[in-house]
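Welcome to a short set of exercises with worked solutions. Keep the sequence and the 3D view open, try each task yourself, and then follow the steps.

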Amino acid sequence: MVIETWKKSGIATKFPTYRNSALVTVHSWQKGKRQDDEAEGLWRIKDGIYDFTEFIDKHPGGTFWIRETKGTDITEAFEAHHLTTAPEKMIAKYKVRDAAKPRIYTLTLHEDGFYKTLKERVREKLKTIDKRPKRKSDMIHLGILLSTYLFAVASAKYDSLLALVLAGVALCWTVIVSHNYFHRRDNWQMYTFNLGMMNFCSWRISHALSHHIYPNSYMDLELSMFEPLLCWVPNPHIKTKALRYVSWVTEPLAYAIAFFLQMGMRIFYSLRHTNIMYWHDLLPLSIPLVMYYGSGGSAGLLCCLRLWLSMTSIASFAFCVIGLNAAHHDPEIYHEGDANREDRDWGLFQVDTIIDRGDLKWSQFLVLTHFGDHVLHHLFPTLDHGLLPALYPVLYETLDQFKGELRECNHIEHMIGQHKQLLRTEPNPRAPGAGK
């Protein structure tokens, strides 16, 4: 069978099966990955097949990570989520055999490569850095969370439009800051992510295991889930130039309903196929209930529900304005179809798919609420954002050694670049690191 040229992946030998699904969801991504990954129904790390069945309930990070990745290749996820050498030594007893076929992913993690070299330096640096910023992150999260409910109650009690807008912004920031926590072992803060009608379990897959590991590629679920409304892959077969201009018109609507679409798709899929809803999907309802009782019932329950939906739409719009213009979309950033860097190191691939927000670095609050320090976060997702600034010296040192570049711009420049990327249909022929 002849494979269409535009369906050839830049980071894998196969075009991902899930992209042929009628409805692209977290579940279809997982199902497709199990078909594609040559993991033989178990867990694959590099060229080894492991059986972690007995380890699921013992995993320090929680059962979710092991249970949901069965049947897939977790090589890059395993590397990125474990900073110490202990896990690599521990898993040896769970290896059952060598894989029968080669890995489908073409990115590398050589011991003397960029990522493993950086990881060793970060491991040493973490022994001496100040850990107090981590506590500050926790306080920022708690403060924004409480502000969300306080502004929500005020909007109901005083019929205040200003309070409603502030509640929406606070809800948006709560969701973004909560993202700082669901990459890690189970904790109470990750549940607050669900207040925005999204679900941290789904996002642990679509964001942590898909987007973080394979950014801007066909394997990136966060790209495909927005199609056809928004398409950042520079490929006319996916979306024509004319329709891409339409995206500029439909974009604000997509922003305003993004949170609702996430909830709606999970409900639809659960009713038609397999249940993917959790008890914590009910957490968003705590907001209108607090609004109702906090206002003494003066606003009425229906009024509180209406205000809550408006507040969630504001939060959804703000989340997309921040998130979709945070780091990944610009004509100068690598996207699927562009020329690949000669050095296929996974860490350098992460760097090539990001332009960081240089205008945020002076404030831990802004970094937390606007997806700041994005390169370091992608490379070491389990670390608290408060610890990341201390790692820049070793990052710069290692980038210089391996001919990488940390690019930066401000939010306005990112917004302009993201809209240019929506229109781009031709691949970039110049590989990252190839020079001007």
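**Exercise 1. A pair of charged side chains**

Task: Find the salt bridge that Lys361 forms, and say which parts of the chain the pair links.

Solution.
- Step 1: The partner of Lys361 is Glu408, and their closest N and O atoms are 2.2 Å apart. Bear in mind that this is a predicted model.
- Step 2: Lys361 sits in the loop between strand 4 (356–357) and helix 14 (364–369), while Glu408 belongs to strand 5 (residues 408–409). The two are 47 residues apart, so the pair links distant parts of the chain.
- Step 3: Partly exposed residues lie between 20% and 50% relative accessible area. Lys361, at 28%, therefore counts as partly exposed, and so does Glu408, at 39%.
- Step 4: As background, side chains of opposite charge can pair when their charged atoms come close.

**Exercise 2. A network of salt bridges**

Task: Which residues are linked with Glu79 in a network of salt bridges? Work through some of the pairs and their burial.

Solution.
- Step 1: The network links Lys46, Glu79, Glu111, Lys116 and Lys119.
- Step 2: Begin with Lys46 and Glu79, whose closest N and O atoms are 3.9 Å apart. Lys46 lies in the loop between strand 1 (43–45) and strand 2 (48–50), and Glu79 lies in helix 3, 33 residues apart.
- Step 3: Glu79 also meets Lys116 in a salt bridge, with 3.0 Å from N to O.
- Step 4: Lys116 in turn pairs with Glu111, at 3.3 Å from N to O.
- Step 5: Now sort these residues by relative accessibility. Glu79 is buried at 3%, and Lys116 is buried at 10%. Lys46 is partly exposed at 30%, whereas Glu111 is exposed at 56%.

**Exercise 3. Where two domains meet**

Task: Describe the contact between domain 1 and domain 2.

Solution.
- Step 1: Locate the domains: the assignment gives domain 1 as 5–106 and domain 2 as 107–435.
- Step 2: Count the residues in the contact: 41 come from domain 1 and 54 from domain 2.
- Step 3: Look at the area buried between them, about 4100 Å², of which carbon and sulfur atoms give 66%.
- Step 4: Turn to the pairs across the interface. There are 3 salt bridges, and 16 residue pairs are in polar contact.
- Step 5: See what domain 1 brings to its side. Helix 1 (26–36), helix 2 (63–67) and helix 3 (75–81) each supply at least two residues, and helix 3 gives the largest share, 6 residues. By class, this side has 16 nonpolar, 14 polar and 11 charged residues.

**Exercise 4. Helix 1 and its cover**

Task: Which residues of helix 1 are buried, and what covers them?

Solution.
- Step 1: The buried residues are Val26, Ser28, Trp29, Gln30, Gly32, Lys33 and Asp36.
- Step 2: Their cover includes helix 8 (200–211) and helix 9 (221–224).
- Step 3: Zoom in on Ile205, which is in helix 8. Among the residues Ile205 touches are Val26, Trp29 and Gln30, and Ile205 is itself buried, with a relative accessible area of 3%.
- Step 4: Check both ends of helix 1. At the N-terminal end, Thr25 is the cap: a side-chain oxygen lies 3.3 Å from the backbone nitrogen of His27. Just after the helix, Glu38 takes a positive phi of about 55°.

Notes
Residues are numbered from 1 along each chain as its sequence is written. This is a predicted model: local features need pLDDT of at least 70, side-chain atom pairs count only at pLDDT 80 or more; totals for chains, interfaces and linings use all residues. Side-chain values use heavy atoms; hydrogens and water are left out. Domain bounds come from an automatic or database domain assignment. Contact means heavy atoms within 4.5 Å. Buried area is the accessible area (1.4 Å probe) that two parts lose on being put together, summed over both. A salt bridge is a side-chain nitrogen of Lys or Arg within 4 Å of a carboxyl oxygen of Asp or Glu. A polar contact is a pair of N or O atoms within 3.5 Å; within protein, one must be able to donate a hydrogen and the other to accept it, and residues adjacent in sequence count only if both atoms are side-chain atoms. Helices (H or I, at least four residues) and strands (E, at least two) are DSSP runs, numbered from the N terminus. Ala, Val, Leu, Ile, Met, Phe, Trp, Tyr, Cys and Pro count as nonpolar, Asp, Glu, Lys and Arg as charged, and the others, Gly among them, as polar. Buried means under 20% relative accessible area, exposed over 50%, partly exposed in between (1.4 Å probe, protein chains only). Lists of a residue's contacts leave out its neighbours within four places in sequence.
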